[in-house]
Amino acid sequence: MAGSIDEAVSTGPARDHTRPARRGGGRGRAVLEVALLAVLAVVMLFPALWMIETSIKENRDVYAIPAKFFDFKVTMDHFRDVFAASGGGRSALSVSFLNSVVVAGVSTVLATVLGVPAAWAYSRFAMKAKKDQLFFILSTRFMPPVVVVIPIFLMYRQVGLIDTKLGLILIYAAFNVPFTIWMMKGFVDEVPAEYEDAAMLDGYTRLQAFWKFTLPLLLPGIAATAVFALIFSWNEFVFAIFLTSSDNVRTAPPAIAGLIGGTTVDWGLVAAASVVFALPVLAFAYLVRRHLVAGVTLGAVRR
Amino acid sequence: MAGIEVTALHKRYPDGTVAVDHVDLSIGDGELFVMLGPSGCGKTTTLRAIAGLERQTTGDIRIGDTLVNDLPPAERDIAMVFQFYALYPHLKTRDNLAFPLRAEGLPKPEVHERVDEAARLMRLGPLLDRRPHRLSGGEQQRVALARALVRRPRAFLMDEPLTNLDAELRADMRTEIKHLQGELGTTMVYVTHDQVEAMSLGHRIAILNKGRVEQIGTPLEVYDRPASLFCAAFIGSPPMNLIEVEVADGQLRSHSGLVLTPPPNLPRDRRLVAGVRPEALEVTEPGAERSVPARVISAEWLGDEIIYVVDHGGRRDVRVRMPPTVRFTADAPVGLRHAGGTPAVYDVSTEELVA
């Protein structure tokens with residue numbers, strides 16, 4: 001950590017030598033900027049780096065006082081423990097990761113399949129009280145999950161959805177559909193309705209026109225939206241911990257949280273599980289970045 | 001080819017907006033018919049209803065002898081050109097042109113032949129293997145026109161096709177469209193908010209306002225005798241001067257004393273406004289015969305003409321179009337007189353032409 005601060009500060013003056021002097025106090029200001037950014041970077045990155053370090057330290061080094069930053073023994077044991085149970089076979093954690101994949105994946109597909117056509121309809125057609133409808137849809141997101149989780153728990157108990165993956169899938173989809181509609185409506189608005197008009201004059205029905213011409217142009221937007229929905233479902237904690245209890249249904253966030261507590265905490269395992277859990281999100285966030293930057297650039301349209 | 005009859009068209013959207021209140025149109029076979037009006041006047045909705053892209057709330061649309069109210073757009077045998085061209089972005093020019101024909105299921109050699117013909121007509125040869133994003137705006141619009149031609153439809157519908165082009169290109173394309181329509185003799189309904197486009201293209205012009213037809217007529221009729229105060233203010237650049245007048249001693253006289261030739265059969269006891277084109281007025285030396293004293297407020301020097309804004313003591317300043325040889329400076333005392341024929345006269349309360 002200290003290394004990164006040294007490096008950041010030392011680049012400041014070096015850069016100033018090669019550039020014409022800035023107006024009054026330019027140099028001092030540049031140093032201050034870099035120093036502040038460096039502090040911020042440390043605060044932001046330290047937990048992540050510490051998590052990664054802990055996940056590859058031997059238990060002895062994990063608990064060492066003073067903490068060992070560099071000269072620790074590297075081990076992959078914790079990662080093995082994430083996936084394999086101590087007595088052989090699959091660990092409870094690996095089951096929870098699989099559950100997370102299924103729940104997040106299916107709920108995202110569901111939200112996309114429901115949300116994209118709805119967004120298209122809201123973008124294309126005049127309808128009664130359209131703004132009010134859209135506001136109502138958005139308003140379902142105003143409520144924090146903690147507020148609704150108890151009523152939903154009671155409802156789920158009545159219909160037998162407690163402690164089922166289907167239950168989680170449905171609630172995540174319900175939370176993601178409003179988001180999908182709002183985000184996708186922006187993307188649909190960007191695609192000129194004239195494509196569909198032209199296709200309809202060429203002999204397609206409205207739905208065919210949507211499917212053949214508008215949808216392909218929406219794909220980058222759909223990808224970006226779906227990744228956001230996926231990240232929400234993947235990270236969701238409150239519903240997961242209230243609505244599921246058994247190991248073979250539980251998703252990763254409550255399962256990892258469940259490792260903490262009891263008499264001893266295996267921090268190496270917690271860190272390794274967290275690293276495994278964070279990787280897909282990082283990968284998808286990277287994809288979102290690409291899609292959002294690319295946006296929907298349609299060569300055929302001039303506005 | 002076919003004429004188009006629109007009867008008592010009314011379009012109300014589910015959210016309560018009335019886009020078209022009442023429109024009757026009778027468009028002749030082979031006619032280039034322009035619908036002109038400000039945005040929100042219902043011209044585009046009317047066009048889209050003819051195309052079948054909107055279903056009218058009430059009213060009938062006939063293309064040729066066919067009542068097309070319930071026909072989907074594809075079965076109306078029409079082609080439409082859009083403001084944003086709407087070329088399929090993933091297809092090359094050649095395939096964009098062929099697309100509607102393939103959708104119809106035409107045999108390959110015929111598709112090929114028709115695409116070539118349209119490409120020749122619109123001079124698209126070098127562009128055939130490019131995708132839309134590699135075409136300029138004007139080229140895209142030529143491709144869009146060719147895509148309409150290739151179907152040999154009974155009518156062309158044009159929705160502000162030149163709005164996105166720059167001025168010079170727009171003039172060229174205007175000529176091209178007019179020439180093309182004359183050559184093919186196909187009925188064309190052309191929507192625009194640009195009066196120059198309407199005047200130069202249309203065999204007849206319909207002026208729409210607030211979902212109603214204000215006037216239908218040839219460009220000259222529409223220019224010479226606007227049917228309402230709205231048309232009078234809409235057509236012409238600068239538009240007609242609207243001068244409040246009274247009938248006195250067999251003459252039309254403004255408050256400032258400006259004398260106009262009265263049209264016959266003027267109604268009595270009504271408040272009247274005369275519509276006088278800027279070229280029907282004349283700025284003279286002060287005290288010239290039949291002139292009223294006036295003052296130049298500003299002058300726009302356009303090269304081939306000068307537009308004077310003149311205060312003659314009336315409620316509103318008037319605009320006068322003069323040749324560039326007649327020069328007065330701003331603030332100069334001048335005379336103003338009427339130099340044209342009988343003006344159009346409107347009733348202030350009904351806003352309609354009375355004589």
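Two residues are in contact here if their C-beta atoms, placed from the backbone, lie within 7 Å. Keep that in mind for chain A of this predicted model: among its contacts between residues at least 6 apart in sequence, 74% join residues at least 24 apart.

**Chain A at a glance**

Chain A has 13 helices and 0 strands. Read from the N terminus, its elements go α-α-α-α-α-α-α-α-α-α-α-α-α. The chain has 303 residues, and 29% of them count as buried.

For a look at one of the buried residues, try A:Val116, which sits in helix H5 (residues 92–124) of chain A. A:Val116 has 24 other C-beta atoms within 10 Å, so this residue is buried. Leave aside the neighbours within four places in sequence, and A:Val116 is in contact with A:Thr180, A:Met184 and A:Ile222. You can also look from A:Val116 to A:Leu230: these residues are 114 residues apart along the chain, while their C-alpha atoms are separated by 15 Å.

Further along comes helix H12 (residues 252–259) of chain A, where the buried residues are A:Ala252, A:Pro253, A:Pro254, A:Ala255 and A:Ile256. After H12(A) comes A:Gly261, with a positive phi near 120°.

**Where the chains meet**

Now bring in chain B. The contact between the chains involves 19 residues of chain A and 25 residues of chain B. On the chain A side, helix H9 (residues 194–201) gives the most, with 6 residues. That side of chain A divides into 11 nonpolar, 2 polar and 6 charged residues.

**The nonpolar cores**

The largest nonpolar core holds 141 residues, and the members that touch the most others are B:Ala146, B:Leu157 and B:Val189. Take B:Leu157 as an example: not counting residues up to four places away in sequence, B:Leu157 touches B:Leu47, B:Ile50, B:Ala51, B:Ile78, B:Met80 and B:Val189. Apart from that core lies another one, of 11 residues, including A:Phe97, A:Ala252, A:Ala255 and A:Ala272. Two of those names, A:Ala252 and A:Ala255, are also on the list of buried residues in H12(A).

**Two helices side by side in chain B**

Next, follow helix H2 (residues 93–104) of chain B, which packs against helix H4 (residues 137–149) of chain B at an angle of about 30°, with the axes 8 Å apart. Angles under 35 degrees count as roughly parallel, and H2(B) and H4(B) are therefore roughly parallel to each other. The crossing in which H2(B) passes H4(B) is right-handed.

Which residues make the contact? From H2(B) come B:Thr93, B:Asn96, B:Leu97 and B:Pro100, and from H4(B) come B:Val143, B:Ala146 and B:Arg147. By type, the residues of this contact split into 4 nonpolar, 2 polar and 1 charged. B:Ala146 has already turned up as one of the residues that touch the most other members of the largest nonpolar core.

H2(B) has further partners. Its buried residues are B:Thr93, B:Asn96, B:Leu97, B:Ala98, B:Phe99, B:Pro100 and B:Leu101, and the buried residues of H2(B) pack against helix H3 (108–121) as well as H4 of chain B. Just after H2(B), B:Gly105 takes a positive phi of about 85°.

**Backbone oddities in the loops of chain B**

Most residues other than glycine have a negative phi, and most peptide bonds are trans. Chain B has some exceptions to show. Here are two aspartates with a positive phi:

| Residue | Phi | Loop in chain B |
|---|---|---|
| B:Asp77 | near 60° | between strand E5 (66–67) and strand E6 (78–81) |
| B:Asp331 | near 75° | between strand E18 (318–322) and strand E19 (333–338) |

Are these residues buried or exposed? B:Asp77 has 18 C-beta neighbours inside 10 Å, so B:Asp77 counts as partly exposed. B:Asp331 has 10 C-beta neighbours inside 10 Å, so B:Asp331 counts as exposed.

The other exception is a peptide bond. B:Ser237 and B:Pro238 are joined by a cis peptide bond, with omega at about -5°. To find B:Pro238, look in the loop between helix H8 (229–234) and strand E11 (241–248) of chain B.

Note on methods. Residues are numbered from 1 along each chain as its sequence is written. Chains are lettered from A and ligands numbered from 1 in the order in which they are written. This is a predicted model: local features need pLDDT of at least 70, side-chain atom pairs count only at pLDDT 80 or more; totals for chains, interfaces and linings use all residues. Axes are lines fitted to C-alpha atoms, for helices over the stretch in contact, and angles run from 0 to 180 degrees between N-to-C directions. Helices (H or I, at least four residues) and strands (E, at least two) are DSSP runs, numbered from the N terminus. Angles under 35 degrees count as roughly parallel, over 145 as roughly antiparallel, 65 to 115 as roughly perpendicular and the rest as oblique. A crossing is left-handed if the near helix is turned anticlockwise from the far one by less than a right angle, and right-handed if clockwise. Ala, Val, Leu, Ile, Met, Phe, Trp, Tyr, Cys and Pro count as nonpolar, Asp, Glu, Lys and Arg as charged, and the others, Gly among them, as polar. A nonpolar core is a set of buried Ala, Val, Leu, Ile, Met, Phe, Trp, Tyr and Cys residues joined through C-beta atoms within 7 Å. A residue is buried if 20 or more other C-beta atoms lie within 10 Å of its own, exposed if 12 or fewer, and partly exposed in between; C-beta atoms are placed from the backbone.
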